[in-house]
Amino acid sequence: MSTLPHALPVPTRLLQSASNFRDLGGLTGLDGRRMRLRRVYRSDHLAALTPQDRATLQGLGVTHRIDFRGVAESATLPSAVDGITTLALSIEPTVVHRVQALLAQGTEPTEAEAVALMCQTYRGFAREAAQVYARFFRHLLDHSTPLVFHCTAGKDRTGFAAALLLGALGVSRDDILHDYLLTNRLYVRSPLVEARGPKHVMDVLWSVQPVFLEAAFATIEQDFGGLPRYLEGPMGLGPRELQQLRDALLEG
């Protein structure tokens, strides 16, 4: 499902060789304050950047790159860019491993089972990967210069990080979902990324659906008592940290 919840604009494509690269700025946050432009970017992997796109990225003033990819993914497709400091916050791509294990056993998942695996993955982001995302927020608090965060496709690990950040800034759930679903319009599967399996399964794994993100938010609600408590608890964003984050990334 690729339907956007309402008619917010699709962002201008800034890099030609990273299809899912985009500025998170411009969305309306707490008290009607807009998120600052040219401060935080999200993306798919940066391993295939053209010289022109490398120059564009450096021209945007990006000084830090947060990489959510697993160890093997990062080693296979190095994404270092001159002049940009890298912070590796590895979250292994477990859903791909689960699908490959099922196929190796002679079991071909249905589309519904593939969706269920993706929902399970997102619940894991909220639970098992909480410490990783807490480090993501700590880095945002410690570094005021522009940064980009990404994984391989820039849709799941990156999508959840973006949803948490936008939620912390007071962006509405509809606008969070809008940003999340933009991947279905923007992302072009990279020929550098090998992922084999039945088409109906790969189509699920390489797209985003509202139910994926909803599974993560439902887990946050059920296990932690809602997003504010999740941010204050596992994410380490008390009132002072939240105010610091909002002052840094929201206008006004």
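The following paragraphs go through the sheet of this predicted model and then a pair of its helices.

The sheet is open and consists of five strands, which lie in the order 1-2-5-3-4 with mixed pairing. Strand 1 (22-23) and strand 4 (85-88) stand at its edges, and because each of them has a single partner strand, one side of each is left without a neighbour in the sheet. At one of these edges, strand 1 is joined by two bridges to strand 2 (residues 40-43), and the two strands run antiparallel; here D23 has Y41 of strand 2 as its bridge partner.

At the other edge, strand 4 pairs with strand 3 (residues 64-67) in the parallel sense, over four bridges, and D67 is found opposite A88 of strand 4. Between these two strands comes helix 2 (residues 71-76), and strand 3, helix 2 and strand 4 together form a β-α-β unit that is right-handed.

We turn now to the helices. Two packed helices are described by the angle between their axes and by the distance between those axes. For helix 5 (residues 130-142) and helix 6 (residues 157-168), the angle is about 55° and the axes are 11 Å apart, which means that helix 5 is oblique to helix 6. The crossing in which helix 5 passes helix 6 is right-handed. Helix 5 contributes Y133, F136, F137 and L140 to the contact, and these residues meet R157, F160, A161, L164, L165 and A168 of helix 6. Sorted by class, the contact between helix 5 and helix 6 holds nine nonpolar residues and one charged residue, with no polar residues.

Technical notes
Residues are numbered from 1 along each chain as its sequence is written. This is a predicted model: local features need pLDDT of at least 70, side-chain atom pairs count only at pLDDT 80 or more; totals for chains, interfaces and linings use all residues. Side-chain values use heavy atoms; hydrogens and water are left out. Axes are lines fitted to C-alpha atoms, for helices over the stretch in contact, and angles run from 0 to 180 degrees between N-to-C directions. Angles under 35 degrees count as roughly parallel, over 145 as roughly antiparallel, 65 to 115 as roughly perpendicular and the rest as oblique. A crossing is left-handed if the near helix is turned anticlockwise from the far one by less than a right angle, and right-handed if clockwise. Contact means heavy atoms within 4.5 Å. Ala, Val, Leu, Ile, Met, Phe, Trp, Tyr, Cys and Pro count as nonpolar, Asp, Glu, Lys and Arg as charged, and the others, Gly among them, as polar. Two strands pair if DSSP finds at least two bridges between them. A crossover is right-handed if, with the strands pointing away from the viewer, the path from the first strand over the helix to the second runs clockwise.
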